[in-house]
Amino acid sequence: MSDHATSSAASASVPLIPHTAVVPAAGLGTRFLPATKTVPKELLPVVDTPGIELVAEEAKSAGAERLLIVTSPGKDGVVAHFVEDLVLEHTLSSRGKEAMLAKVRNAPSLLEVASVVQDKPLGLGHAIGCVEADLADDEDAIAVLLPDDLVLPGGVLGRMAQARARFGGSVLCAIEVPDEKISAYGVFDVTEADPASPDVKRVRGMVEKPARQDAPSNLAAAGRYILDRKIFDALRETEPGAGGELQITDAIALLIEQGEPVHVVVHTGSRHDLGNPGGYLKAAVDFALDRDDYGPDLRSWLVERLADS
C-alpha cells in the first residue's frame with residue numbers, strides 16, 4: 001500500500017477520533033460528464049483505487065469505526081463498492097490471483113458502512129444534517145471527510161482529534177494557499193490559540209472566496225472536519241442561502257457567534273482536488289509515481305514526453 005493511503009502510526013493510536021465518519025457523496029459529478037452518467041465520481045480510480053476508498057482508509061487509520069455515506073436517489077454504486085462480491089472473490093482465488101483478490105477485499109474489510117439518502121441537492125450543510133438521526137445518543141461529534149479532497153500525507157484527523165480534546169468544540173483542517181489562488185477557497189480569519197501549538201489556530205470567522213486583497217489570511221479549508229454535535233442545532237437555526245442551499249460554513253459561523261470554540265489545524269502537507277478533471281489527473285500521476293509497479297516507467301515516459309513538448 002502506498003504511503004499516500006496510510007496515516008502515521010501516531011494518528012492510528014489516537015483514541016479520540018469520532019466513532020462515525022461522514023462522507024458526503026450525493027453530488028452529480030457534472031464536471032466529469034459524460035463519464036459520470038453511469039459511474040459515480042467517487043468511484044473514479046486514482047490509478048486503481050476509487051477516491052472514496054482512499055478516504056475510507058484515511059478514516060479507519062484515524063480510528064473511525066463506521067462510515068456513513070450521504071448519497072442521492074439512485075446513486076447506490078458508491079455504497080456497493082464496500083459490499084463483498086463473493087463470486088468475484090471466488091473467481092480470482094481459483095485463478096491464483098492473490099494480489100488482485102487482496103485489493104478487491106480491501107474496501108469491504110475497512111469499517112462498517114451505511115448510507116443516508118439526501119433527497120434533494122440542498123448544500124453540504126443539509127447533507128451533513130441528514131446523518132443526525134443515524135447517530136447513537138452518546139456520539140458527541142462526527143468526522144466529515146469530503147471525497148473530493150485527498151489530504152496528504154495521512155494523520156491530520158488524529159491531530160484534529162487531539163486539538164478537540166484540548167480546546168473542545170469543532171476542529172477543521174486548513175492548508176496554506178498562495179495569495180494568487182486564495183480567491184478560489186473558503187478562507188479562515190484566525191488568531192493564535194496557544195504559542196506552544198503554532199499549528200492550531202482559533203477561528204474568528206470565515207470568508208467564502210474573497211478577493212486577494214480582502215482575504216483575512218492565507219489559510220483555506222481543506223475538506224476535513226471534526227464537528228461537535230452542536231452543529232446540528234446550528235444547522236437548524238441557519239437560513240438557506242442562494243439556491244436554497246444550506247452551507248456548513250454558515251452553521252460554523254453561527255457556532256462562533258454563540259461562543260462555541262472552533263479551531264483549525266494547519267496541515268503542512270499537500271492536497272489533491274479530485275473534484276475537477278485537472279486535479280484528478282494530478283492526483284493519478286502523483287499516486288502512480290509513488291508506486292513501484294507503475295512509477296519508474298511513468299517517470300521515464302514523462303521525462304521523454306515533456307522534453308518533446
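Hi everyone, let's start on the outside of this protein. About 15,200 Å² is exposed, and carbon and sulfur atoms supply 52% of that area. Keep in mind that this is a predicted model.

Now for the overall build. The protein contains eleven helices and 13 strands. Its radius of gyration is 20 Å, close to the 19 Å that the globule rule gives for 309 residues, so the protein is as compact as a globular protein of that length. If you lay the C-alpha trace along its principal axes, it spans about 60 × 50 × 40 Å.

How much of the protein counts as buried? Of the 309 residues, 48% do. So let's go inside. The largest nonpolar core has 50 residues, and L67, I69, F82 and M160 have the most contacts within it. Helix α2, residues 51-62, gives this core its largest share, with six residues. Apart from that core lies another one, of 35 residues, including V116, I142, Y225 and A251.

Let me zoom in on F82. Which residues does F82 touch, once we leave aside its neighbours within four places in sequence? The contacts are I52, E53, A56, L67, I69, A107, P108, L110 and V113.

That brings me to contacts across the whole chain. Take the contacts with a separation of 6 or more: residues 24 or more positions apart account for 77% of them.

Last, the charges. There are 29 positive and 47 negative charges, and the mean positions of the two sets are 3 Å apart.

That's my tour, thanks for listening!

Conventions
Residues numbered from 1 in each chain as written. Predicted model: local features only at pLDDT ≥ 70, side-chain atom pairs only at ≥ 80, totals over all residues. Heavy atoms only, no water. Core = buried A, V, L, I, M, F, W, Y, C linked by side-chain atoms within 4.5 Å. Buried < 20%, exposed > 50% of the residue type's maximum accessible area, 1.4 Å probe, protein only. Helix = DSSP H or I, 4+ residues; strand = E, 2+ residues; numbered from the N terminus. Contact = heavy atoms within 4.5 Å. Rg over C-alpha atoms; globule rule 2.2 N^0.38 Å. Areas by Shrake-Rupley, 256 points an atom, 1.4 Å probe, with all protein chains shown as cover. Lys, Arg positive; Asp, Glu negative; His and termini not counted. Charge placed at Lys NZ, Arg CZ, Asp CG, Glu CD.
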